[in-house]
Amino acid sequence: MNDQPHHVLFVCTHNSARSIMAEAILNHLGRGRFRAFSAGSHPTGAVHPLALATLEALSLPAEGLRSKDWAEFATPGAPALDFVFTVCDQAAGEACPVWPGQPMTAHWGVADPAAIPGSGEQKARAFRDTATILKRRIELMLALPIASLDRMALQRAVRDIGTR
């Protein structure tokens with residue numbers, strides 16, 4: 001890996017909550033070392049309002065976040081991806097496009113906070129919990145000595161993060 005920012009794509013079926021929050025968290029914590037994107041296999045076309053509220057509560061910028069199809073990242077002119085992480089079990093089981101550049105992939109599955117039944121506070125807590133899990137995993141990735149790991153060791157390390 002070189003001195004250019006590492007491009008990371010977070011994939012979830014609907015691209016409305018988990019992948020969107022992961023994109024915002026990594027773009028903030030990555031401080032220019034990483035450039036995050038998100039997409040879905042069947043995007044809803046809208047970001048879940050509780051995802052936006054959660055990002056706001058964490059003081060993370062949400063401008064420009066949008067629900068989009070993963071096909072945008074498999075076309076000529078799309079950013080060359082270094083990593084692709086699925087954050088929902090459904091997307092992990094789908095046939096993904098061929099990503100240019102042969103990025104490293106890993107499954108970082110997290111329960112869908114939008115599917116949690118209950119009161120408004122219970123739903124908000126589910127979104128906060130999801131953001132906390134994603135933030136912890138992203139912090140673990142950011143702590144990796146990426147420049148000194150060979151490709152196989154780095155692939156193993158990012159896969160292991162998905163189990164924490």
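## Close-up views of a predicted model

**View 1. Helices H1 and H2 cross in a right-handed way.** Welcome to the structure, which is a predicted model. This first view shows helix H1, residues 18–29, beside helix H2, residues 49–57. Their axes come within 9 Å and cross at roughly 25°. An angle under 35 degrees counts as roughly parallel, so H1 is roughly parallel to H2. To find the meeting place, look for Ile-20, Met-21 and Ala-24 on the H1 side. Their partners on the H2 side are Ala-51, Thr-54 and Leu-55. Of the residues in this contact, five are nonpolar, one is polar and none is charged.

**View 2. Helix H1 also meets helix H4.** Here we stay with H1 and turn to H4, which spans residues 120–142. How closely do the axes of H1 and H4 come, and at what angle do they cross? They come within 9 Å, with a crossing of roughly 45°. That angle makes H1 oblique to H4. The crossing of H1 and H4 is right-handed. From H1, the contact takes in Arg-18, Met-21, Ala-22, Ile-25, Leu-26 and Leu-29. Facing them from H4 are residues including Phe-127, Thr-130, Ala-131, Leu-134 and Ile-138. Lys-135, Glu-139, Met-141 and Leu-142 of H4 belong to this contact too. By type, the contact of H1 with H4 has eleven nonpolar residues, one polar and three charged. Met-21 is worth a second look: this H1 residue takes part in the contact with H2 and in the contact with H4.

**View 3. Glu-23 of helix H1 is buried.** Is Glu-23 buried or exposed? With a relative accessible area of 7%, Glu-23 falls under the 20% limit and therefore counts as buried. Its side chain reaches that of Ser-38 through a polar contact of 2.6 Å. Beyond its neighbours up to four places away in sequence, Glu-23 touches Phe-10, Ala-36, Phe-37, Ser-38, Leu-65 and Lys-68.

**View 4. Ser-38 has side-chain polar contacts with Asn-15 and Glu-23.** Now move to the other end of the Glu-23 contact, where Ser-38 sits in strand S2. Ser-38 is buried, and its relative accessible area is 0%. What is the distance of its polar contact with the side chain of Asn-15? That contact is 2.9 Å, while the one with the side chain of Glu-23 is 2.6 Å. With neighbours within four places in sequence set aside, Ser-38 is in contact with several other residues, among them Leu-9, Phe-10, Ser-19 and Ile-20. Lys-68 and Phe-73 are also in contact with Ser-38.

**View 5. Asn-15 and Arg-31 have positive phi values.** Most residues other than glycine have a negative phi. Asn-15 is not a glycine, yet its phi is positive, at about 50°. Look for Asn-15 in the loop between strand S1 (6–11) and H1. Arg-31, found in the loop between H1 and strand S2 (34–39), has a positive phi near 40°. Are these two residues buried or exposed? Asn-15 is buried, with a relative accessible area of 0%, whereas Arg-31 counts as exposed at 63% relative accessibility.

**View 6. Ser-59 and Ala-74 lie in the loop between H2 and S3.** Ser-59 is exposed, with a relative accessible area of 61%. Along the chain, Ser-59 and His-28 are 31 residues apart, and 9.8 Å separates their C-alpha atoms. Ala-74 is partly exposed, with a relative accessible area of 30%. Which residues does Ala-74 touch, not counting residues up to four places away in sequence? They are Pro-97, Val-98, Trp-99 and Pro-100. From Ala-74 to Arg-136 the C-alpha atoms are 28 Å apart, with their positions 62 residues apart in sequence.

**View 7. Helix H5 has a cap at its N-terminal end and a set of buried residues.** At the N-terminal end of H5, the cap is Asp-150. One of its side-chain oxygens lies 3.1 Å from the backbone nitrogen of Met-152. Within H5, residues 151–161, the buried residues are Ala-153, Leu-154, Gln-155, Ala-157, Val-158 and Ile-161. What covers these buried residues of H5? The cover includes strand S3 (83–86), strand S4 (104–107) and helix H4.

Methods
Residues numbered from 1 in each chain as written. Predicted model: local features only at pLDDT ≥ 70, side-chain atom pairs only at ≥ 80, totals over all residues. Heavy atoms only, no water. Axes fitted to C-alpha atoms, helices over the stretch in contact; angles between N-to-C directions. Helix = DSSP H or I, 4+ residues; strand = E, 2+ residues; numbered from the N terminus. Parallel < 35°, antiparallel > 145°, perpendicular 65-115°, else oblique. Left-handed = near helix turned anticlockwise from the far one by under 90°. Contact = heavy atoms within 4.5 Å. Nonpolar A, V, L, I, M, F, W, Y, C, P; charged D, E, K, R; others polar. Buried < 20%, exposed > 50% of the residue type's maximum accessible area, 1.4 Å probe, protein only. Polar contact = N/O pair within 3.5 Å; in protein donor to acceptor, adjacent residues only side chain to side chain.
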